[in-house]
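Biologist: I should like to examine a model and ask how its descriptive terms are justified. Please show it to me.

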Amino acid sequence: MAYAADEEDSIQVGRQAIERLGSRRKVLVLGSGLLRDVPLRLMRDRFEQVMLLDAVHLLPARIAARHRGVTIVVGDLTGMADVMAGAPGPRRDPLARWRDDPDLDLVISANVLSQLAMAPAAWLERRPGREEDLPPDLPPDLPARIVGWHLDDLRALRCQVCLLTDVSYSERRRDGTEGADIDLMHGHDLSRPRARWDWEVATWGEVARDVAHVHRVHAWPNWGKET
Ligand SMILES: C[S@@+](CC[C@H](N)C(=O)[O-])C[C@H]1O[C@@H](n2cnc3c(N)ncnc32)[C@H](O)[C@@H]1O
């Protein structure tokens, strides 16, 4: 799997986001994961506080948090975890505590957006014929709403937002015929990206001899305010 080039492209966009900032007090990384596609060292050097948010923090994040100024935060960016656990709706605002933080200078949404709808979609699928058990205010188009909620959450921030996300998944066939082409943004138009690249998650022969799986990634160092 050719991940290194994709990670380096993402890191480069994160660097551009940091370089354009006037003030560097706090940075919040959403979907920090294994910290492979964010400029961790640069963030540590430039910011007073680096906050890493993910649903699950594995060893790389826990090691990173041993450094002064780096903290890990466990959080659910869909805001749906409580609802899925049986609490009544509506969803919780996952970024509420940072919404008006005057010291927050940068938020990086780090290749998490396309993943957010997965667990809620699986949760819905596990409940066939049990619609009456679902919270009454649950929107029918939940995956699309989850993508939209994250974009709204980012728009509501006062600070600069760097957005990195894969926007589509497609199959490339050696014989040139059309394969699957899936919109991971569920119909949301994110505006023209500053950078875009293809990320070959499975090359010829990895999952099928004549089919490669490719994700198209879009990136904005200053999302919503690019000219
Ligand atoms: C493709 S990985 C991101 C890669 C990461 N930025 C890196 O540099 O290695 C997606 C991450 O999103 C996280 N994630 C998925 N759903 C989430 C949710 N609802 N809330 C918070 N994090 C979530 C996963 O745990 C995973 O770490």
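Biologist: Why is H186 called partly exposed?

Modeller: In this predicted model, H186 has 16 other C-beta atoms within 10 Å. A residue is buried with 20 or more other C-beta atoms within 10 Å of its own, exposed with 12 or fewer, and partly exposed in between, where C-beta atoms are placed from the backbone. H186 is therefore partly exposed. Residues are numbered from 1 along each chain as its sequence is written. Because the model is predicted, local features need pLDDT of at least 70 and side-chain atom pairs count only at pLDDT 80 or more, while totals for chains, interfaces and linings use all residues.

Biologist: What makes the backbone of H186 notable, and where does H186 lie?

Modeller: H186 has a positive phi of about 50° although it is not a glycine. Most residues other than glycine have a negative phi. H186 is found in the loop between β6 (178-183) and β7 (195-202); strands are DSSP runs of E with at least two residues, helices are runs of H or I with at least four, and both are numbered from the N terminus.

Biologist: Why is L35 called buried?

Modeller: L35 has 20 C-beta neighbours inside 10 Å, so it counts as buried. L35 also has a positive phi, of about 60°, without being a glycine. Its place is the loop between β1 (26-30) and α2 (40-46).

Biologist: What makes the protein chain as compact as a globular protein of its length?

Modeller: The protein chain has six helices and eight strands. Its radius of gyration is 18 Å, close to the 17 Å that the globule rule gives for 227 residues, so the chain is as compact as a globular protein of that length. The radius is taken over C-alpha atoms, and the rule is 2.2 Å times the number of residues to the power 0.38. Of the 227 residues, 33% count as buried.

Biologist: Which residues touch the most other members of the largest nonpolar core?

Modeller: They are V27, L28, V29, L30, I108 and C162, in a core of 44 residues. Strand β4 (residues 104-110) gives the most to this core, with five residues. A nonpolar core is a set of buried Ala, Val, Leu, Ile, Met, Phe, Trp, Tyr and Cys residues joined through C-beta atoms within 7 Å. Leaving aside neighbours within four places in sequence, V27 is in contact (C-beta atoms, placed from the backbone, within 7 Å) with M43, F47, V50, D105, L106 and I108.

Biologist: How do you know that β5 and β8 pair?

Modeller: Two strands pair if DSSP finds at least two bridges between them. Strand β5 (residues 160-173) and strand β8 (residues 211-220) are joined over 10 bridges, in the antiparallel sense. Among the bridge partners, T165 is matched with H218 in β8, and Y169 with H215 in β8.

Biologist: In which sense does β5 run against β4 and against β6, parallel or antiparallel?

Modeller: β4 and β5 run parallel and are joined by five bridges, with S109 facing L163 in β5. β5 and β6 run antiparallel with four bridges, and S170 stands opposite D181 in β6. The hairpin of β5 and β6 has four residues between the strands, and G176 there takes a positive phi near 85°.

Methods. Contact = placed C-beta atoms within 7 Å.
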